[in-house]
Amino acid sequence: MDKLRVLDESIITEVGIATQIVKSFPIVQKNRPVFVHSHEFYEITYIVSGGILHTHNFNENFAVTGDCFIVKPNEVHFFRKSQGCEHRDILISKSLFNGVAKIIPDLENAINSKQKLVLSLEDIHRLESGLNEFSKTQNLDEKKIIGVQVVLDIFRLLFKSSKTDSNTDTPSLLNKILDLFTQSDYIKKGIPLVAKTLQYDPSYLGRFFKKCMGITMSNYLTNIRLNYAVYYLSTTTLSLGEICDEIGIESTSYFNKIFKNKFNIPPIKYRKIYKNDSVHI
């Protein structure tokens, strides 16, 4: 095996995300060097087309179109013996991951239980579209918004897949609601869109959610929105009005009130203290 190399977070931009498409061609020569490495950040890799041999923590699998891997900090992985492959690599800083983990409850447990999932062609097309937009965008704030949405999309799929595989006693309707509340449109438009999508009366959904979760659906959604707000306050220059538009809160005065109630600090003061740090949630 080739010498292990360790990559640090210096290769990731201030956005907290770096991404690239890697093309591998069929290898005919023997003893070709293999890039065996670990890193101090998280990496998401999925196969866009073709196939390649992927080793992750010394478990070897032949990865094909749609296979997606989550590689945690300090884990070793590498590719070799391609049959002609194109894969997407997404590097995620630990700071950004910690922020995302506050938006998707139990994300860390989901990753620990399952670090591989299978993406549909529709999933790949949607992710590639978002990442292409991310790469083209020059505005730093827009780049951060697009980037975190793509990362959330992938982790949402992982979280959903791990919940399905666990075969717990959690009602399927509750899992559907929780899944929708990890998607930006539903976070922004709220309970009415959830009820319309699931074709249930909002009042019934509210009672059902409270019975299962011990918290009202409105309070649950508000907590998610405020965690999004923390990310935007600490990593972007968006105004309070723009943040409210992104998270689906109509009034900046109401936003100020609920933010201070949750974090014991006004949002503007929070931004001054924690600018460029997405961990303090």
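**Chat about the chain and a pocket**

Me: How much area does the protein chain expose, and what share do carbon and sulfur atoms supply?
Reply: About 14,300 Å² is exposed by the protein chain, and carbon and sulfur atoms supply 49% of it. Such areas come from the Shrake-Rupley method with a 1.4 Å probe. Keep in mind that this is a predicted model, where local features need pLDDT of at least 70, side-chain atom pairs count only at pLDDT 80 or more, and totals for chains, interfaces and linings use all residues. Residues are numbered from 1 along each chain, and side-chain values use heavy atoms, without hydrogens and water.

Me: Thanks! What share of the residues is buried?
Reply: Of the 281 residues, 49% count as buried (under 20% relative accessible area, with a 1.4 Å probe and protein chains only).

Me: And how many helices and strands are there?
Reply: The protein chain has 12 helices and 9 strands; these are DSSP runs, H or I of at least four residues for helices and E of at least two for strands.

Me: New topic: what box do the C-alpha atoms fill?
Reply: Roughly 65 × 45 × 30 Å, along the principal axes.

Me: Now the second largest pocket. Which residues lie nearest its centre?
Reply: Arg126, Gln149, Val150, Asp153 and Ser184, out of 15 lining residues. The elements giving two or more residues to that lining are α3 (121-136), α4 (140-166) and α6 (184-189).

Me: Which one gives the most?
Reply: That's α4, with 6 residues.

Me: How is a pocket defined here?
Reply: On a 1 Å grid over the protein atoms alone, a pocket is an open set of points where a 1.4 Å probe fits, with protein on both sides within 12 Å along at least five of seven lines; lining residues have an atom within 4 Å of a point.

Definitions and conventions. Buried < 20%, exposed > 50% of the residue type's maximum accessible area, 1.4 Å probe, protein only.
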